[in-house]
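Trainee: I'm new to this one and keep tripping over the labels. Could we go through them and ask what each rests on?

Mentor: Sure, let's pull it up.

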Amino acid sequence: MSSLLILGSICATALAVPDSYPLTMAALQERYADEIVAHRKYGAYAGHADKEGYPAIAHLFRTLAASEAVHARNFARLLRESGTEPQTPAIELVLSNTREHLKQAATVEANEIDQEYPAILENIQSEQHHQAIKFITYAWKAERQHRELILKIKKGASWFFGMLVSRIEGSPTRYYVCQICGSTVTELPGSQCPICDHPPEQYREVPEFPGDSTESQSSGG
């Protein structure tokens, strides 16, 4: 076969990919849009928490934003590899206060974990796009970690917010995000990421304060 015919065959295959996986491509677009919204929303929540005098909670929100950015990047790459351009949604954020932002974050994470991700994975299973299934599963597992981090504060956010904030702000936490899957932990794993099995060198520490470029790739950095 001539090189021209081979090139034509490759191009035809690439162009046919979205048509071969319509449910998967739609799911990736949806997930990409949601992760972009979450990334910007948590970033805005972090800035608001800083202004309200809650740097530790702002640090948590920046950590969640960093994880969502990894997920968005993964979904965007899969879409582009399939010949589809990721569609960035219009975003309009309405901010209230840090207590409400924590409650909203917990509600959204719970809905994604318990309903959205299981439904998406079930819907695209028949198309067997293994990379998409893998990265969507990565994101789902990372969201479970997010929920655990948020739940530490959600339980008291309604009635004992002042006491809760005092405890949180008095106990700074280090956060690390895996750059492969978005896994979010407060201590680096000993040998491999609990979600994607990559070595702990793939983790980056999220700076405690905006503009702090200090990052850690190993225990303690």
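Trainee: How do you know that the length of helix α3 agrees with its number of residues?

Mentor: Keep in mind that this is a predicted model. Helix α3 covers residues 55-81, which is 27 residues, and at 1.5 Å a residue it should span 39 Å. Its end C-alpha atoms are 39 Å apart, so the two values agree.

Trainee: And what makes α3 "mostly covered"?

Mentor: Of its 27 residues, 20 are buried. Just after α3 comes Gly83, with a positive phi of about 85°.

Trainee: Where does α3 fit in the overall order of the chain?

Mentor: The chain has 6 helices and 3 strands, and along the sequence they read α-α-α-α-α-α-β-β-β. α3 is the third helix in that pattern. Across the 221 residues of the chain, 43% count as buried.

Trainee: Why is the pair α2 and α4 called roughly antiparallel?

Mentor: Helix α2 (residues 22-51) and helix α4 (residues 98-124) pack at about 170°, with their axes 12 Å apart. Angles over 145 degrees count as roughly antiparallel, so α2 and α4 get that label. Their contact includes Leu23, Tyr42 and Tyr45 of α2, and Val108, Tyr117 and Ile120 of α4. The residues of this contact divide into 10 nonpolar, 6 polar and 8 charged.

Trainee: Now the cysteines. Why is there no bond between Cys181 and Cys193?

Mentor: A disulfide needs the two sulfur atoms within 2.5 Å. The closest cysteine sulfur to that of Cys181 is in Cys193, at 3.5 Å, so the pair is too far apart for a bond.

Trainee: What about Cys196, how far is its sulfur from the closest cysteine sulfur?

Mentor: The distance is 3.7 Å, again to Cys193, and that is too far for a bond. By this rule the count comes to 0 disulfides.

Trainee: Are Cys181 and Cys196 buried or exposed?

Mentor: Buried means under 20% relative accessible area. Cys181 has 0%, so it is buried, and Cys196, at 7%, counts as buried too.

Trainee: What makes the phi of Gln128 worth pointing out?

Mentor: Most residues other than glycine have a negative phi. Gln128 has a positive one, near 55°. Gln128 is found in the loop between α4 and α5.

Trainee: Which other residue has a positive phi without being glycine, this one near 70°?

Mentor: That's Asp197, in the loop between β2 and β3.

Trainee: Why are Gln128 and Asp197 called partly exposed?

Mentor: Partly exposed lies between the buried limit of 20% and the exposed limit of 50%. Gln128 has 36%, so it falls in between, and Asp197 does as well, with 47%.

Trainee: Last one: how do you know that Tyr175 is buried?

Mentor: Its relative accessible area is 9%, and the limit for buried is under 20%, so Tyr175 qualifies. Tyr175 lies in the loop between α6 and β1. Leaving out residues up to four places away in sequence, Tyr175 touches residues including His59, Leu60, Leu149, Val185 and Arg204. Its C-alpha atom is 9.6 Å from that of Tyr203, 28 residues apart along the chain.

Trainee: What share of the chain's contacts comes from residues 24 or more positions apart?

Mentor: They account for 72% of the contacts with a separation of 6 or more.

How values were computed:
Residues are numbered from 1 along each chain as its sequence is written. This is a predicted model: local features need pLDDT of at least 70, side-chain atom pairs count only at pLDDT 80 or more; totals for chains, interfaces and linings use all residues. Side-chain values use heavy atoms; hydrogens and water are left out. Helices (H or I, at least four residues) and strands (E, at least two) are DSSP runs, numbered from the N terminus. The expected span of a helix is 1.5 Å times one less than its number of residues. Buried means under 20% relative accessible area, exposed over 50%, partly exposed in between (1.4 Å probe, protein chains only). Axes are lines fitted to C-alpha atoms, for helices over the stretch in contact, and angles run from 0 to 180 degrees between N-to-C directions. Angles under 35 degrees count as roughly parallel, over 145 as roughly antiparallel, 65 to 115 as roughly perpendicular and the rest as oblique. Contact means heavy atoms within 4.5 Å. Ala, Val, Leu, Ile, Met, Phe, Trp, Tyr, Cys and Pro count as nonpolar, Asp, Glu, Lys and Arg as charged, and the others, Gly among them, as polar.
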